[in-house]
Structures are given as structure tokens and as C-alpha cells.
Amino acid sequence: MAKILVTGAAGFIGSHTTDHLLAEGHVVVGVDNFRSGHRENLVGALRSSSFSLHEMDVAQPGTVAELVGRERPDAILHLAALVSVQESVANPELNYSLNLHATHLVAEAARRHGVRRVVFASSAAVYGDAAALPIRENSAMRPVSPYGAAKLASENLLLGHAAAYGFTVRCQRFFNVFGPRQDPASPYSGVVSIFARRYREGLPVTIYGDGRQTRDFIAVADVARSNALAATRPGLASGAVNICTGRATSLLELAGHFARHYGSVPAPRHAPARTGDVIHSLGDPAAAATQLGFAARTTVAEGLAGLFSEVPAAVSP
Ligand code: UD1
């Protein structure tokens, strides 16, 4: 069993990954500053004697390095991030602090304390608007937002460090992750969480653009499993893989799933497409299957059914 340090442990993906690692018998050292994570996401984990939680900001120099020196983890899963493409467009400086500078601090902590493996929460946003679909790992990388640019720069920074100092880096290029605990509170939240709240409340959703843009939506339980594989599977070389399903869903189709479940809700409103938004995003999952032994198991319909069963469908008649 391994000891894994998880940054962003109280976040959406971080808390599911923490739960998954603990269920597999690993020891997890969690780090979060609760900027976008929530302590309630860790109620299960906090009951485990194999879990500890440290409130700190990974973007502050010295913090992670000190903890890594004390805990000596086998691997670091660096999931702490600014997660919104739109927020990166609105606040590029914060984006570079959280999505690039913090990566540098994590890479340095790994180097100084001899951590053997770093797993990084990268993104499909590194590709930008792909010329051909599905997107493979060797497709051209032309980010169209500060978010995508910082994720790509972070990948390169980590790969350079790994090669120079002899550790392994695994870059997980997440496509559009959805599921329980995704926080709908901000206008920058993921589309599924926003739609879930709006439909539940009987309110119309807003679709930016014509709704024909597509995303490869992947359930968070699958993503958590892929992270555990990247952190613990023996013998992995450094590299980057898509974490995706290989299936595309348009925004109109997504809204259709909700409309069928919730019945009579006002039709979606349309607003202009957002700056930095890619049009089509669909990944090829083959490399993750070969390198990690990972394949997504949950379809969008199944994942949404899980979300619907968590909350009452009842909207007043
Ligand atoms: C998402 C993730 C990002 C990840 C990337 C990988 C979030 C907040 N962002 O970015 O972390 O790296 O996938 O592909 O989870 N939309 C609407 N109406 C809404 C909200 C959104 O139409 O109310 C549209 C957007 O314009 C976009 C699509 O839905 O076309 C998805 O948007 P969003 O959920 O913000 O995710 P991405 O920008 O794809």
C-alpha cells in the first residue's frame, strides 16, 4: 500500500479520488485551502485513520515542500487548481498563480524530497480547437484560453523536472468531469452542476452559443479510479493520457436528458458563445487503456441518472 499526498483533496475530483484511494487501502495526506473545496466533501474520509487533512495554500512558497519533507509520500497527486476556463479569462493572473506557479512548487517539493511519482490534473483544454476528432495525445496543442495555456505549461514544467531529476510524471488530461459534489454555486461552475440545480429548481438554463458544441463528459467515479491507477500502478513511465470516454454529447443533448427527467421546465435560453470556449471536444481513450489499464465504465445517461436519484425530481406541478 502506498502513501499519497493529494492536493485539492476537498475539491470535487480530489474528494472522490481520496475516497477511492482510502477504499483501496492506501494512506492519504490531504491538502486544501478551501478556496473552492469543501470540508463536507471529506466527511467519509475524515472517519478513516488512514487520512489526514492539512489546511494550506499550495501556491504559497514552502508550504507543500515542508509537508512533503515531513510526510515523505510515495506519490503526489496534484489536483489543486483554478478549474474554470472562464475564470481564467476573467482573472489570468490568478490562473497563472494557481495553475502554473503552484505546479512549479509541487515539482520542486518532489525533487527536493525524492518523491518517485507526480500525477498532474491536466486538461483537454491543452488542445484548444482540435482540427480532427477524436483528439489523440499527439494532436497539435494550441490552447485558446489562459487556463489551457497554464495546464500545457505545467505539463512541460513537470516533464522537464521529471527527466532531469529522475522521477515519473503522469499528466491526466481530463475531459469534462461531472457527478456528485460538483459545486454549482459560481457562474464558473461546470455545466452539468449548473443545469442540475436550475432544472431541480424549475428554472430555465442558459446555453452559450447554438448548443451544438460538444463535450466528452466523464463521470467523476471513473476519473477517481484513473487517478488511483496513475498514482499507484507499478512500472509506469512518464507521459500524458486523455481521461475521457470517447463519446460526444452536445449541449442540446445534455439539456434534453434533463428535460426528459424533469418534465415541464421552461425551454433553454440562448446567449452568445463565451470567449475561450472550444467548440468540439472529444477524446480518444486508447492510450489510457494501454498505459493505465483504464477505461471509463459510466455513460452520460447512467451518470446523470445517479445525479437525479440523489435529489428529488419534484418541481411543483
Ligand atoms: C471543463 C472544466 C475544466 C476542464 C475542461 C476539460 C469546469 C468548470 N471546467 O471546461 O476544468 O479542464 O472541461 O475539457 O468544470 N455552458 C452553457 N451554459 C452554462 C454553462 C456552460 O452553455 O450555464 C457551456 C459552455 O459555454 C461550454 C460547455 O457548456 O461550451 C462546457 O462548459 P464548462 O462546464 O464551463 O466546461 P469547459 O469550459 O468545457
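Domain bounds in these legends come from an automatic or database domain assignment. The structure is a predicted model, in which local features need pLDDT of at least 70 and side-chain atom pairs count only at pLDDT 80 or more, while totals for chains, interfaces and linings use all residues. Residues are numbered from 1 along each chain as its sequence is written, and side-chain values use heavy atoms, with hydrogens and water left out.

**View 1. The ligand between two domains.** Domain 1 (3-177 + 218-243) and domain 2 (178-215 + 247-282 + 297-308) both contribute residues to the shell around the ligand, so the ligand lies between them. A residue counts as near the ligand if one of its heavy atoms lies within 4 Å of it, and of the 23 residues around the ligand, Val-83, Ser-123, Tyr-147, Val-191 and Thr-206 come nearest. The shell divides into 13 nonpolar, seven polar and three charged residues, where Ala, Val, Leu, Ile, Met, Phe, Trp, Tyr, Cys and Pro count as nonpolar, Asp, Glu, Lys and Arg as charged, and the others, Gly among them, as polar. At least two shell residues each are supplied by α6 (191-200) and β8 (206-208); helices (H or I, at least four residues) and strands (E, at least two) are DSSP runs, numbered from the N terminus.

**View 2. Polar contacts to oxygen atoms of the ligand.** A polar contact here is a pair of N or O atoms within 3.5 Å. A backbone N or O atom of Val-83 lies 2.6 Å from an oxygen atom of the ligand, and for a backbone N or O atom of Val-191 the distance to a ligand oxygen is 2.7 Å. Arg-215 places a polar side-chain atom 2.7 Å from an oxygen atom of the ligand. Of the 740 Å² of accessible area that the ligand has on its own, the protein covers 91% (Shrake-Rupley method, 1.4 Å probe).

**View 3. The parallel sheet.** Seven strands form an open sheet with parallel pairing, in the order β3-β2-β1-β4-β5-β6-β11, two strands being paired if DSSP finds at least two bridges between them. Because β3 (51-55) and β11 (239-243) stand at the edges with a single partner strand each, one side of each is left without a neighbour in the sheet. Strand β5 (residues 117-123) pairs with strand β6 (residues 168-174) over seven bridges in the parallel sense, and Phe-120 stands opposite Cys-171 in β6.

**View 4. Backbone features in two loops.** Most residues other than glycine have a negative phi, and most peptide bonds are trans. Leu-133 and Pro-134 are joined by a cis peptide bond with omega of about -5 degrees, and Pro-134 sits in the loop between β5 and α5 (146-165). Phe-34, in the loop between β2 (27-32) and β3, has a positive phi near 60 degrees.

Notes
A polar contact is a pair of N or O atoms within 3.5 Å; within protein, one must be able to donate a hydrogen and the other to accept it, and residues adjacent in sequence count only if both atoms are side-chain atoms.
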